[in-house]
Amino acid sequence: PSHCRSSSCADLERQHDAAKQRRQRALSIRDGYVAQGRRQGAGGDFGADSAFWPLSTKCFTKQQGEYKYEVCPFRSAAQSKSGTETNIGTFGAWATLKSLPTIVMLSNPDGLLRPSGGGDGAYSVLRMGGGRSCPGGLERALQIAFSCDVDETLVAIGETEKCLYSALISTPAACVPAPA
């Protein structure tokens with residue numbers, strides 16, 4: 001039974017219920033990812049329970065201003081402009097949130113990205129290095145943070161520091177089941 005007496009309260013209850021249902025769908029999809037990752041993901045670190053393995057078979061694209069980005073987690077990432085492609089990362093390794101500075105994203109209202117993940121965030125940020133060298137010899141690198149959602153989308157990407165790119169990908173793989 002509802003304890004709301006106003007229409008705005010009832011709207012909030014509906015939004016809350018819809019968000020809970022969306023999260024449950026995402027967790028259900030994640031369960032399928034875990035099963036798939038356990039069957040296919042041998043030989044790589046694809047996160048807790050291998051839930052991120054399906055992302056290793058996918059690529060995400062996003063047009064951001066004059067640049068087009070293609071991100072294939074665990075494999076490659078590129079930035080292109082006017083038909084010229086630049087490699088910004090070629091392999092992936094997990095980094096903990098503690099080992100990385102705050103990832104700044106221009107698309108967030110407060111400028112800070114808060115990736116999902118439990119504990120120390122061991123499977124929250126994928127660092128892809130080995131990109132094309134910048135002037136001065138520094139290799140380009142991409143940090144990918146993951147957030148929980150039903151849809152898989154490259155939400156945001158950009159160069160946050162010279163030769164360092166940050167991205168946010170939403171995916172059911174990033175959904176963390178509630179502690180039992």
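**Exercise 1. Start from Arg22 and work out its surroundings.**

Arg22 comes out as partly exposed, because its relative accessibility is 29%. Keep in mind that this is a predicted model. Which residues is Arg22 in contact with, leaving aside its neighbours within four places in sequence?

*Solution.*
- Step 1: place the residue. Arg22 sits in helix H1, which covers residues 7-40.
- Step 2: list the contacts. Beyond its neighbours within four places in sequence, Arg22 touches Asp149, Val150 and Asp151.
- Step 3: look at the side chains. The Arg22 side chain has a polar contact of 2.8 Å with the side chain of Asp149, and there is another, also listed at 2.8 Å, with the side chain of Asp151.
- Step 4: check the backbone. From C-alpha to C-alpha, Arg22 and Asp149 are 7.7 Å apart, with their positions 127 residues apart in sequence.

**Exercise 2. Follow the salt bridges.**

How many salt bridges are there, and which residues do shared partners join into one network?

*Solution.*
- Step 1: get the count. The total is 6 salt bridges.
- Step 2: take the pair Asp149 and Arg22. Their closest N and O atoms are 2.8 Å apart, inside the 4 Å cut-off for a salt bridge. This pair links distant parts of the chain, with Asp149 in the loop between E7 and E8 and Arg22 in helix H1. Asp149 counts as partly exposed because its relative accessibility is 22%.
- Step 3: move on to Lys58 and Glu152, a salt bridge with closest N and O atoms 2.6 Å apart. Lys58 belongs to the loop between H1 and strand E1 (60-64) and Glu152 to the loop between E7 and E8, so the bridge ties together parts 94 residues apart in sequence. Lys58, at 27% relative accessibility, is partly exposed, and Glu152, at 22%, is partly exposed too.
- Step 4: join the shared partners. Arg22, Asp149 and Asp151 end up in one network of salt bridges.

**Exercise 3. Try a pair within one helix.**

Where do Arg14 and Asp11 lie, and is Arg14 exposed or buried?

*Solution.*
- Step 1: locate them. Both residues are in helix H1, 3 residues apart, or about one turn of the helix.
- Step 2: check the pairing. Their side chains meet in a salt bridge, at 2.2 Å from N to O.
- Step 3: assign exposure. Arg14 counts as exposed because it has 51% relative accessibility, and the line is drawn at over 50%. Asp11 has a relative accessible area of 35%, so it is partly exposed.

**Exercise 4. Rebuild the sheet.**

What is the strand order of the open sheet of 5 strands, and which strands are at its edges?

*Solution.*
- Step 1: read the order. The strands run E5-E6-E7-E9-E8, with mixed pairing.
- Step 2: find the edges. Strand E5 (91-95) and strand E8 (153-161) each pair on one side only. From one strand to the next, the twist averages 25°.
- Step 3: zoom in on one pairing. E7 (residues 141-148) and E9 (residues 164-171) run parallel and are joined by 8 bridges. Within this pairing, Ile144 stands opposite Ala167 in E9.

**Exercise 5. Sort out the rings.**

How is the Trp94 and Phe146 pair oriented, and which residues do ring pairs link into a cluster?

*Solution.*
- Step 1: count. There are 7 aromatic pairs in the structure.
- Step 2: classify the pair. Trp94 and Phe146 are tilted, at 5.9 Å centre to centre with 55° between the planes. Trp94 is in strand E5 and Phe146 in strand E7, 52 residues apart.
- Step 3: check burial. Trp94 and Phe146 are both buried.
- Step 4: extend outward. Ring pairs link Phe46, Phe52, Phe74, Trp94 and Phe146 into a cluster.

Key: Residues are numbered from 1 along each chain as its sequence is written. This is a predicted model: local features need pLDDT of at least 70, side-chain atom pairs count only at pLDDT 80 or more; totals for chains, interfaces and linings use all residues. Side-chain values use heavy atoms; hydrogens and water are left out. Two strands pair if DSSP finds at least two bridges between them. Helices (H or I, at least four residues) and strands (E, at least two) are DSSP runs, numbered from the N terminus. Axes are lines fitted to C-alpha atoms, for helices over the stretch in contact, and angles run from 0 to 180 degrees between N-to-C directions. Contact means heavy atoms within 4.5 Å. A polar contact is a pair of N or O atoms within 3.5 Å; within protein, one must be able to donate a hydrogen and the other to accept it, and residues adjacent in sequence count only if both atoms are side-chain atoms. Rings of Phe, Tyr and Trp (its six-membered ring) pair if their centres lie within 6.5 Å; planes under 30 degrees apart count as stacked, over 60 as edge-to-face and the rest as tilted. Buried means under 20% relative accessible area, exposed over 50%, partly exposed in between (1.4 Å probe, protein chains only).
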